[in-house]
Amino acid sequence: MLRSIDLTNFKSFEAFVRVEFSPLTVLVGANASGKSNLLDAIRLVQGLGLGFSLTDTLQGRVEAGREIWPGIRGGISEVIRRGQERAEIDTDWDLQGQRVSHSLGFTVKPEPRIDGEGFAHLTGMTDSGQWTQARTFGFDETEDAWLGSSQSLFSELEHLLKQRPEFEAARLALALRQVLQRLVVLDLKPERMRGYSPQHAREMGAEGEHLSSAIWVRSRTEDARLEWVDWLSELCAPEITEIDFIETELGDVMLVLVEKDGTRTSTRALSDGTLRFLGTLTALKTAPPGSIFLIEELEQGLHPQRIHLLVEFLEMVTKERGIQVIATTHSPQVLQSLSSEGLNNAVLCARAQDGSGTLLRRFEDIPHFKEVLAKSGIDHLFTTGWLERAL
């Protein structure tokens, strides 16, 4: 689980900005306030964890005419805040009770270059609330030629451990790399979810391309099938009483929803909103425990009356399955649907009035938030701009 991130001169973030995350963190703010920039910072770390160089992480990677990594929005030219030469991204992770931090400093002129990187095993907390570090490693433990490379230490962990097997931080970094490899940027595309998918495809895919087969694999028992039916009956206006599948001779399947009156509707005819809800449900129900999901515009395509079902599911699955979700929203209904704990952990992204970049604050850390919330609903605070003014 990602516990916190510190940003310096990354995109719209200036000076030093920190935010802490919970199992479910909803990011709120006006357009261009920095929500997507925050997700981009996490994705940059993921790209390095996947083994891409800093250059490829920023601008994307194509092999044999196929995009295997999309890059970071804005690419190389817009990743560092205007007028600055260097950016830093520091992250703190909880890996099944073990804490490890990853620090990264980089420049992009004349070309992308990592000029500082390290891992630290966080072993305890001082009286002042600061984590103590033990067995750190970084550039100091590598050859001088490594300095100034576009390649991350993530790609050299096995080599470093052979040289210095006593580094516990390096072993935790390997575990962190596995977490980053499982991180999913959920970008559901209804047009890709409507067709047949092969029965052997157990994972749905980040765009939902194997939705039908992912559900088919996991609904072979009556109890499992009825669980899907229960959620769909709440979501859809017509009462759903059964799910079925069209199976081809080639081993492909397509999901079919069966209504109370016997009407059958395949994924080919489902609305975008229904497919997005079903895709989100499937992704989180089938992901391995410990997975992390980044989702933009959580409420996209979903009827306001059904948003509370999605939020209810997200709060349940993050607690029960040990999954983390970091999502953006523009919807007051999403905030209204959050539990008090979820609302306190929501994060406001806002541009500073003095032009110094994006500010990040958890709702519970906004001055007088709880007192004002007790008098006015969260939808009022959200739509009137009180949250931004309170900063």
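**Entry 1: strands S3 and S17.** I began with strand S3 (residues 24-28) and strand S17 (residues 347-351), which pair in the parallel sense over two bridges. The model I am reading is a predicted one. For the register of this pair, I noted that Leu 27 stands opposite Val 347 in S17.

**Entry 2: the sheet.** I then asked in what order the strands of the sheet are arranged. I found an open sheet of six strands, ordered S10-S15-S16-S3-S17-S18, with mixed pairing. Its edges are formed by strand S10 (184-186) and strand S18 (358-362), each of which pairs on one side only. From one strand to the next, I recorded a twist that averages 20°.

**Entry 3: helix H1.** Which strands does helix H1 lie across? I traced H1 (residues 35-49) across S3, S10, strand S15 (292-295), strand S16 (324-329), S17 and S18. Relative to S16, helix H1 runs at about 145°.

**Entry 4: Leu 232.** I next located Leu 232, which lies in helix H7 (residues 222-235). Is this residue buried or exposed? I list Leu 232 as buried because its relative accessible area is 1%, under the 20% cut-off. I also looked up the contacts of Leu 232, leaving aside neighbours within four places in sequence, and found Ile 240, Ile 243, Leu 257 and Leu 278.

**Entry 5: a distance.** Finally, I checked the separation between the C-alpha atoms of Leu 232 and Glu 388. The two residues are 156 residues apart along the chain, and I noted a separation of 37 Å for these atoms.

Terms used. Residues are numbered from 1 along each chain as its sequence is written. This is a predicted model: local features need pLDDT of at least 70, side-chain atom pairs count only at pLDDT 80 or more; totals for chains, interfaces and linings use all residues. Side-chain values use heavy atoms; hydrogens and water are left out. Helices (H or I, at least four residues) and strands (E, at least two) are DSSP runs, numbered from the N terminus. Buried means under 20% relative accessible area, exposed over 50%, partly exposed in between (1.4 Å probe, protein chains only). Contact means heavy atoms within 4.5 Å. Two strands pair if DSSP finds at least two bridges between them. Axes are lines fitted to C-alpha atoms, for helices over the stretch in contact, and angles run from 0 to 180 degrees between N-to-C directions.
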